[in-house]
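Please open the model in the viewer and keep the sequence panel visible. The tour proceeds by selection, one stop after another.

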Amino acid sequence: MKQKVKRKLALLVISALFIGLLPTKNQTVSKAEQTDRGSLELDNPRTDSDGTVTWDCVYFGNYWQEDTDGNGTADQEDEKQPIKWRVLSVDGMMRFCSPIRALI
């Protein structure tokens, strides 16, 4: 009797997990796509005729990067600043980014 209940419960849990994986009509749109500019367009780096390279940049997250309290070190006692990321490459929906400043 207990095995039948366990099997039914396991089947119910597996069914619920499977149903949760099915796509829905209302697809979630990221906040990046809901900006005033429409969709967020990021491109690969561009090189001008004079050799100047231009990267797209995005701000994502916050970290202690500057000494804001005047004690000589950037630590948890300071205010966090937004992290600026440089877009190094774009491949479809994948973005490869690197922070402008080293995060230690």
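The stops below cover a helix, a sheet, two cysteines and several loop residues.

**Before starting**

This is a predicted model, in which local features need pLDDT of at least 70 and side-chain atom pairs count only at pLDDT 80 or more, while totals for chains, interfaces and linings use all residues. Residues are numbered from 1 along each chain as its sequence is written, and side-chain values use heavy atoms, with hydrogens and water left out.

**Stop 1: helix H1**

Select residues 2–21, which form helix H1. Helices (H or I, at least four residues) and strands (E, at least two) are DSSP runs, numbered from the N terminus. The end C-alpha atoms of H1 are 29 Å apart, which agrees with the 28 Å that its 20 residues should span at 1.5 Å a residue; the expected span is 1.5 Å times one less than the number of residues. H1 is hardly covered, and its count of buried residues is zero. Buried means under 20% relative accessible area, exposed over 50%, and partly exposed in between (1.4 Å probe, protein chains only).

**Stop 2: the sheet**

Next, select strands E3 (57–63) and E5 (94–99), together with E4 (residues 81–91). These three strands form an open antiparallel sheet in the order E3-E4-E5; two strands pair if DSSP finds at least two bridges between them. E3 and E5 stand at the edges with a single partner strand each, so one side of each is left without a neighbour in the sheet. On average, neighbouring strands are turned by 40 degrees against each other, direction ignored; the axes are lines fitted to C-alpha atoms, and angles run from 0 to 180 degrees between N-to-C directions.

Five bridges pair E3 with E4, and Asn 62 has Pro 82 as its bridge partner in E4. E4 and E5 are joined by six bridges; here the partner of Arg 86 in E5 is Ser 98. Between E4 and E5, a hairpin leaves two residues, and Gly 92 in the turn has a positive phi of about 65 degrees.

**Stop 3: the cysteines**

Which cysteine sulfur is nearest to that of Cys 57? Select Cys 97: its sulfur is 8.9 Å away, and Cys 57 is in no disulfide. The whole structure has zero disulfides, a disulfide being a pair of cysteine sulfur atoms within 2.5 Å. Cys 57 is partly exposed at 34% relative accessibility, and Cys 97 is also partly exposed, at 26%.

**Stop 4: Asp 56**

Is Asp 56, in the loop between E2 and E3, buried or exposed? Asp 56 is buried, with a relative accessible area of 15%. Its side chain makes a polar contact with that of Arg 46 at 3.1 Å. A polar contact is a pair of N or O atoms within 3.5 Å; within protein, one must be able to donate a hydrogen and the other to accept it, and residues adjacent in sequence count only if both atoms are side-chain atoms.

**Stop 5: the loop between E3 and E4**

Finally, select Trp 64 and Gln 65, which lie in the loop between E3 and E4. Trp 64 is partly exposed, at 23% relative accessible area, and a polar atom of its side chain lies 3.1 Å from the backbone oxygen of Asp 78. Gln 65 is buried, at 15%. Leaving aside neighbours within four places in sequence, the contacts of Gln 65 (heavy atoms within 4.5 Å) include Ala 74, Pro 82 and Leu 103.
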